[in-house]
Each structure stands twice: as C-alpha cells, then as structure tokens.
Amino acid sequence: MLKIVKVKSRQERKEFIELPRRLYCDYPLWVPPLSHEIKAVLKSKSSQLLANGPHNFFIAKDGNTVKGRIAVGIEQVMNREKSVEHAYFTLFESVDDKGVAEALLRTAESWAKSKNMKYLKGPVSPTNGDDYRGLLIDNFDDPPAVMMPYNPPYYVDFFEEFEIYLKYLAFRYDLEKVISEREIKFSEIAMDRYGFHVEEANFKRLKEVAADLQKIMEEAIPKWEEDVLPPTFEELCDMAKTLKTVADQRMVIIARSGERPIGYFVALPDFSPLIREIDGKLFPFGWYKLLSKRKSLERVRAAILFVVPDFRNKGVPSAMFLRAYRNIQNMGFKEIEGSSVSSMNSTMIANARRAGGEEYKHYIVYGKSLLKRPLSLSEIYGIAASKFVPRVQQTPETLLQRI
C-alpha cells in the first residue's frame with residue numbers, strides 16, 4: 001500500500017538521495033548528481049532556495065520500496081521581492097506510475113495550502129540557480145549538458161493538470177562551423193560605435209572578478225525578472241572560486257565601457273560524461289579522473305550571460321560570445337550548448353539564432369493555482385505580470401507551436 005512519508009530519519013534521507021540511481025538504471029544518458037553536492041543541498045548548506053524559507057522532503061513508499069520523492073517549500077525572499085505568494089517543488093522523481101506522482105504532487109499542494117500559499121510551481125532549481133531547472137519535455141536522445149535536467153519522457157504526463165509557468169530553450173552550436181564574416185563585422189562595428197571592449201576574466205584576481213560580476217548583475221537583473229535575484233558578493237566569490245577550478249578564463253568574458261563592467265559571459269566544459277564515468281563520486285579518486293581527463297571533453301555549456309540595461313541591443317552579447325567562441329574553438333572543443341534561455345528573452349533568442357544556434361531542447365517549469373479559482377497574472381507573476389500575456393491551459397505540444 002502506497003504511503004507518503006515525511007523525511008526525518010537518516011535512513012529516510014538516504015532513501016531520498018539514492019532513489020534516482022535505481023530509477024535511471026535503464027537510462028544511460030542520465031548523469032548522477034555529485035554525491036557530496038546533493039547531500040549538502042539537503043542540509044541547506046549549498047542551497048539558497050532551501051535556506052530562504054520553510055521546506056520539507058517527502059518519499060512515496062510501497063512497503064519497503066521507495067517509489068518517488070519530492071521536496072516542497074517557500075522561497076520567502078523571492079516571494080517578497082516579486083510580490084507573490086508561491087510555494088515550489090523540486091527534486092521530484094517517480095517511477096512510471098501516475099498514482100505515485102499524483103500522490104506526491106497532492107502532498108506538495110496540501111503542504112503549500114497549509115502555509116496559505118496561492119500557487120505551486122516546479123520543478124525549480126534545488127539551489128535557486130539555473131541548474132536542474134524545469135522538466136525536459138523533448139529530445140530525450142541527446143545527453144544532458146552539465147547541470148541541466150534530464151528525466152524520463154513519461155514525466156510529462158504527470159503534469160496534465162498544470163499550466164506552463166515558465167519555459168526555457170537550449171541551443172546547439174557546431175564549432176566546426178566558422179562564425180560568419182557578417183557577424184564578425186557586426187561585432188567590430190558595435191564595439192567601435194558604442195565604445196566598449198571585451199576581455200577574458202583574470203582568475204588571479206578573483207575578488208575583483210566577483211566584484212565586477214556583482215556590479216553587472218545588480219544592474220542587469222530587472223526587478224520584474226521572473227524567479228531571479230542577484231546573488232550576494234560572498235556567493236559570487238564562491239562562484240569565482242568554482243569557476244577557477246572547473247572552467248578556463250578563456251571561457252569567462254567580461255565586457256567593459258572604459259573601466260566600467262557592463263556584461264559578462266560564462267561557459268563551462270561539459271563534465272557530464274566524466275561525472276557519469278565516476279558515478280557522481282568525487283572521492284576518493286573521482287576528482288583526479290575529472291581533472292586529468294578534462295581534455296577528452298568535446299562539449300561546452302554556455303551557461304550565463306548578463307548585460308546592463310543601457311548597453312542592451314548594442315551588440316555586447318554577440319561580441320562576448322564571439323570572443324568565447326573563438327577561444328573554445330582553439331581549445332579543441334566540437335560543440336557548444338547555450339542553455340537555458342527564457343522564452344521571454346526575445347533578444348537573446350534572436351542573438352542565438354543569428355550566431356548559428358540550433359534550437360533543440362525545451363524545458364518547462366509548471367504551475368498550478370492552489371485556490372478554487374484561476375489566479376490573475378499579478379498573482380502568478382507579481383511585479384512581472386505586465387511582461388506576460390494571458391495564458392490558457394498549455395501542453396508541451398502547444399508550447400512547441402508558440403516558440
């Protein structure tokens with residue numbers, strides 16, 4: 001008999017963590033999360049999401065067998081900044097059984113209602129970043145890039161009663177193709193006309209890099225931007241240290257107008273094949289294999305791009321991407337994945353297509369009213385409501401028709 005259990009004991013926490021390894025044994029493209037990272041997330045040590053409000057973890061058990069899991073919570077800082085009353089769910093997994101999935105989702109809904117929330121959304125990133133955000137709804141035959149979601153195709157059927165809250169796109173770039181002379185000329189003209197230049201980050205001066213990134217993000221992230229808050233300086237310092245370890249400064253590009261930082265671009269080697277090889281276990285020898293075999297990697301994930309408002313539509317993203325693209329080509333990589341791009345970001349989508357990007361994957365963060373009525377746009381999107389058009393009940397098929 002199926003029952004939903006709130007995770008309390010060490011054994012239940014272990015069962016929550018280990019479930020995906022059993023679920024994905026027949027999915028060779030799945031990349032296990034780094035074991036130390038998922039443990040830290042569950043203890044709220046590396047998750048701004050979980051640190052910012054109440055949350056609980058649940059597992060679905062049939063006898064002694066774990067059939068599914070879910071985490072549900074309230075991101076109080078985000079709610080306050082965006083003027084919404086949202087609960088979220090994350091770390092959702094389930095066997096191919098709609099009864100199990102519905103029981104978990106009903107548990108999340110009941111929990112959120114008990115906290116007087118109006119809306120439930122997910123799956124969101126377990127760290128409040130853009131890692132593992134959304135549900136993959138198509139192209140299950142291509143391996144996921146590092147820190148991108150991958151799930152069985154049957155998950156899509158679990159969310160028929162939900163609407164689409166946010167949607168994201170991934171683009172693929174073939175590095176054997178040369179950027180067109182037109183695009184190169186466009187970037188050169190833009191830099192000259194608008195008085196900016198691009199440079200590689202200096203990893204020997206990490207605090208200065210972090211300070212530059214903070215200045216850019218404080219300006220670049222508008223208050224209405226959905227589900228995004230500027231990180232603190234401490235968080236950016238940690239991010240810079242991580243970049244120094246796993247990335248290459250030739251993939252981290254900063255745009256400047258004079259000395260003022262106006263944009264930045266970050267790409268990461270796609271470590272997914274190596275993480276799969278070490279089974280997500282860095283210790284005791286995983287780290288060595290990860291770093292010693294990094295030259296065998298063929299793909300890069302372009303993960304972050306921000307530009308301050310007064311330099312948007314002036315060729316800054318193209319100039320940064322072009323510099324990184326050339327560097328990544330020279331480093332011997334064969335492909336770039338640009339992910340994930342909000343479907344609301346029409347400028348970025350246009351830039352991606354102009355640079356030769358092939359739109360090839362889509363992800364959805366679903367949402368559902370917790371009241372006995374449809375919610376208004378303001379109740380769903382808060383101060384971002386004006387950026388969204390009224391939405392009807394949407395399916396993955398209608399999504400693909402709209403984007």
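In the predicted model described here, strands β9 and β10 form a hairpin in which 2 residues lie between the two strands, and G258, located in the turn, has a positive phi of about 65°. The two arms of this hairpin, β9 (residues 252-257) and β10, pair in the antiparallel sense over 6 bridges, and within this pairing the bridge partner of A255 is G263 of β10. Strand β10 also pairs with strand β11 (residues 299-307), again in the antiparallel sense, over 7 bridges, and here P269 has V300 of β11 as its bridge partner. Of the 10 residues of β10 (residues 260-269), 9 are buried, so this strand is largely enclosed by the rest of the structure.

The nonpolar interior was examined next. In the largest nonpolar core, which holds 69 residues, F92 and F159 are the residues that touch the most other members. The greatest contribution to this core comes from helix α5 (residues 98-114), which supplies 7 residues. When neighbours within four places in sequence are left aside, F92 is in contact with R69, I70, A101, L104, L105, Y155, F158 and F159. A second core, separate from this one and made up of 67 residues, includes A255, V266, F311 and M320; A255 is thus named both in this core and in the bridge to G263 described above. In soluble globular proteins, nonpolar side chains tend to be buried together.

Burial was also found in helix α2 (residues 35-42), where I38, A40, V41 and L42 are buried. The buried residues of this helix pack against two helices, α1 (10-23) and α3 (48-51), and against two strands, β2 (55-62) and β4 (86-94).

A further arrangement concerns helix α7 (residues 206-220) and helix α8 (residues 233-246), whose axes come within 9 Å and cross at roughly 125°. Since an angle counts as roughly perpendicular from 65 to 115 degrees and as roughly antiparallel only over 145, α7 and α8 are therefore oblique to each other, and their crossing is right-handed. On the side of α7, the contact is made by L206, K207, A210, A211, L213, Q214 and M217, and on the side of α8 by F233, L236, C237, M239, A240, K241 and K244.

Notes. Residues are numbered from 1 along each chain as its sequence is written. This is a predicted model: local features need pLDDT of at least 70, side-chain atom pairs count only at pLDDT 80 or more; totals for chains, interfaces and linings use all residues. Side-chain values use heavy atoms; hydrogens and water are left out. Buried means under 20% relative accessible area, exposed over 50%, partly exposed in between (1.4 Å probe, protein chains only). Helices (H or I, at least four residues) and strands (E, at least two) are DSSP runs, numbered from the N terminus. Two strands pair if DSSP finds at least two bridges between them. Contact means heavy atoms within 4.5 Å. A nonpolar core is a set of buried Ala, Val, Leu, Ile, Met, Phe, Trp, Tyr and Cys residues joined through side-chain atoms within 4.5 Å. Axes are lines fitted to C-alpha atoms, for helices over the stretch in contact, and angles run from 0 to 180 degrees between N-to-C directions. Angles under 35 degrees count as roughly parallel, over 145 as roughly antiparallel, 65 to 115 as roughly perpendicular and the rest as oblique. A crossing is left-handed if the near helix is turned anticlockwise from the far one by less than a right angle, and right-handed if clockwise.
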